[in-house]
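The exercises below are worked with the sequence and the model side by side. Try each task before reading its solution.

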Amino acid sequence: DGGRFRFVLDSVPEGTYQIGFFHPTLDSLGITPPTRTVSVRRGDSVFVELGVPSMTTIVRAICPDNATGADKGLLLGSVRDAATDAPIGGAHVVLMWTGLSVGNTAVVKVPQAVNVPTSADGFYRACGLPADTRVMAQARVPGKQQSGWIEVKVPGNGLTLRDFLIGTRPVAVAPTTPAPGDTGAAAAPPAPLGSAVVTGTVTSNAGKPLEGAQVMLLGTRLVTRTDERGAFRLGGLPAGTQSIEIREIGYAPRRFAVDLSPHRESRLAAVLDEKAALLSAIEVTAKKGSDIPGFDERKRRGLGTYLTREDIEKRGSIRMTDVLRGLPGVQVSWDGTEYVVQMARAAGLGYSCPVQYFIDGSPFLASLDDIDQTIQPEDVDGIEVYKSASETPAEFQTGGNGGACGTIVIWTRRGGGRKR
């Protein structure tokens with residue numbers, strides 16, 4: 001308790017000894033805590049303090065000097081099989097975040113990513129991550145399995161420990177979507193994606209159970225609601241480290257990382273402690289156009305499809321793929337694991353031709369399943385969709401495939417409305 005320890009040494013001969021301690025986390029970091037010399041004498045008591053190096057010292061020992069500092073941190077942990085708990089060597093931990101690039105005339109938000117392999121015993125370490133920044137993380141076994149995306153943060157010149165579980169995710173049947181105006185039978189429930197189960201409670205920061213809160217496995221249609229006790233049970237989940245999103249009226253949405261096992265129920269005690277601000281009555285007046293640089297001018301040319309913030313709010317979508325669904329030239333399909341965004345033209349080419357994304361004016365190289373994990377609809381100020389290279393403005397033909405398969409330009413509420 002409190003790190004205190006006590007030995008009764010009646011059976012130990014008098015003499016001089018070395019005393020130390022062991023901890024699995026320190027062992028995974030490759031750190032051996034220093035020992036102390038102790039003299040044992042009959043009838044005497046000895047007080048010994050043991051400790052570990054400071055966090056700054058640990059980070060500097062693990063990371064190169066050019067990857068440390070007050071604005072950088074360290075993320076480390078292990079990747080294990082969800083079914084057997086065995087370490088997985090040769091896996092990859094993918095980390096994505098949005099950084100700032102300072103130019104001569106503007107500060108631009110630039111998507112960034114790193115890919116960190118695991119050692120033979122399943123451990124990984126990622127140095128030089130931006131401090132106090134939301135980083136999206138996922139563990140992958142190339143060509144086989146992957147965890148869900150979760151959010152992590154690292155402190156400046158400090159470290160965060162995060163282990164990942166990876167489980168096999170069965171191929172699911174594509175969910176059916178009712179035709180517009182169809183008032184017949186309700187849509188079929190989503191197919192199970194595994195045998196894992198998570199149970200738990202949702203409460204306010206004052207301890208009040210929150211009834212009717214929505215509990216959803218991020219990136220899927222698997223959802224449930226809490227009962228009058230704030231309790232919930234969500235089954236049919238894929239094993240591995242996943243992200244649960246909880247929403248309740250009057251509270252800001254919040255995500256929680258959970259480690260799901262196919263053999264036992266996982267438990268989550270969620271607390272919604274950020275109550276949404278209630279706005280007083282305000283007067284709304286019309287404005288000439290969008291604050292997004294060049295948005296109105298490009299729209300007047302008549303090429304492409306454009307969504308304003310008001311258009312996005314009317315759709316009431318919870319995922320970016322839902323926002324894009326149904327737009328002219330855009331095809332959102334279910335590949336058995338994720339929703340995939342393609343242009344209708346690209347879908348018929350017979351080979352992979354990914355959509356070129358731009359976020360706040362900068363190219364964003366996204367894999368098929370990254371856009372839902374990177375951006376949420378409530379963060380978007382405007383969207384531009386161009387079906388081919390001939391439609392795409394010159395300023396959006398600089399990255400990836402040059403917009404040959406089509407280009408989707410996304411402006412965030414913090415980056416889009418800023419004049420450059």
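A residue is called buried under 20% relative accessible area, exposed over 50% and partly exposed in between, with a 1.4 Å probe and protein chains only. The model is predicted: local features need pLDDT of at least 70, side-chain atom pairs count only at pLDDT 80 or more, and totals for chains, interfaces and linings use all residues. Residues are numbered from 1 along each chain as its sequence is written, and side-chain values use heavy atoms, with hydrogens and water left out.

**Exercise 1. Determine which residues of helix 2 are buried and which are exposed.**

Step 1. Helices (H or I, at least four residues) and strands (E, at least two) are DSSP runs, numbered from the N terminus. Helix 2 covers residues 55-62.

Step 2. I58, V59 and I62 of this helix are buried. Down the axis of helix 2 these buried residues fall within an arc of 95°, so they line one face of the helix. The arc is that of the directions from the helix axis to the C-beta atoms.

Step 3. R60 and A61 are exposed, on the other side of helix 2.

Step 4. The cover over the buried residues of helix 2 includes strand 3 (72-81), strand 6 (123-130) and strand 10 (159-161).

**Exercise 2. Describe the open sheet that contains strand 19 and strand 24.**

Step 1. Two strands pair if DSSP finds at least two bridges between them. Five strands make up this sheet, in the order 19-24-25-22-23, with mixed pairing.

Step 2. Strand 19 (305-308) and strand 23 (362-364) are the edge strands, each pairing on one side only.

Step 3. On average, neighbouring strands of the sheet are turned by 20° against each other, direction ignored. Axes for such angles are lines fitted to C-alpha atoms, for helices over the stretch in contact, and angles run from 0 to 180 degrees between N-to-C directions.

Step 4. Strand 19 pairs with strand 24 (residues 380-386) in the antiparallel sense, over four bridges. Y306 has E384 in strand 24 as its bridge partner.

**Exercise 3. Describe the sheet with the order 15-12-18.**

Step 1. Three strands form this open sheet, and the pairing is mixed.

Step 2. Strand 15 (231-237) and strand 18 (266-272) are at the edges with a single partner strand each, so one side of each is left without a neighbour in the sheet. Neighbouring strands here are turned by 25° against each other on average, direction ignored.

Step 3. Strand 12 (residues 196-204) and strand 18 run parallel and are joined by seven bridges. The bridge partner of V202 in strand 18 is A270.

**Exercise 4. Locate the largest nonpolar core and follow I408 and strand 21.**

Step 1. A nonpolar core is a set of buried Ala, Val, Leu, Ile, Met, Phe, Trp, Tyr and Cys residues joined through side-chain atoms within 4.5 Å. The largest one has 27 residues, and those with the most contacts inside it are L324, V330, V341, Y357, I383, I408 and I410.

Step 2. Elements giving two or more residues to this core include helix 5 (320-324), strand 20 (330-334), strand 21 (339-343), strand 22 (356-359) and strand 25 (407-412). Another core lies apart from it, with 21 residues, among them A213, V215, L217 and I246.

Step 3. Contact means heavy atoms within 4.5 Å. Leaving aside neighbours within four places in sequence, I408 has contacts that include L324, V341, Y357 and I383.

Step 4. In strand 21, five of its five residues are buried. Y339, V341 and M343 lie on one side, V340 and Q342 on the other, and both faces are covered.

Step 5. Strand 20 and strand 21 run antiparallel and are joined by five bridges. W334 stands opposite Y339 of strand 21.

**Exercise 5. Which sign of phi do D85 and D132 have, and where do they lie?**

Step 1. Most residues other than glycine have a negative phi.

Step 2. D85 has a positive phi of about 65°. D85 lies in the loop between strand 3 and strand 4 and is partly exposed, with a relative accessible area of 45%.

Step 3. D132 also has a positive phi, near 55°. Its loop runs between strand 6 and strand 7 (135-141), and D132 counts as exposed at 58% relative accessibility.
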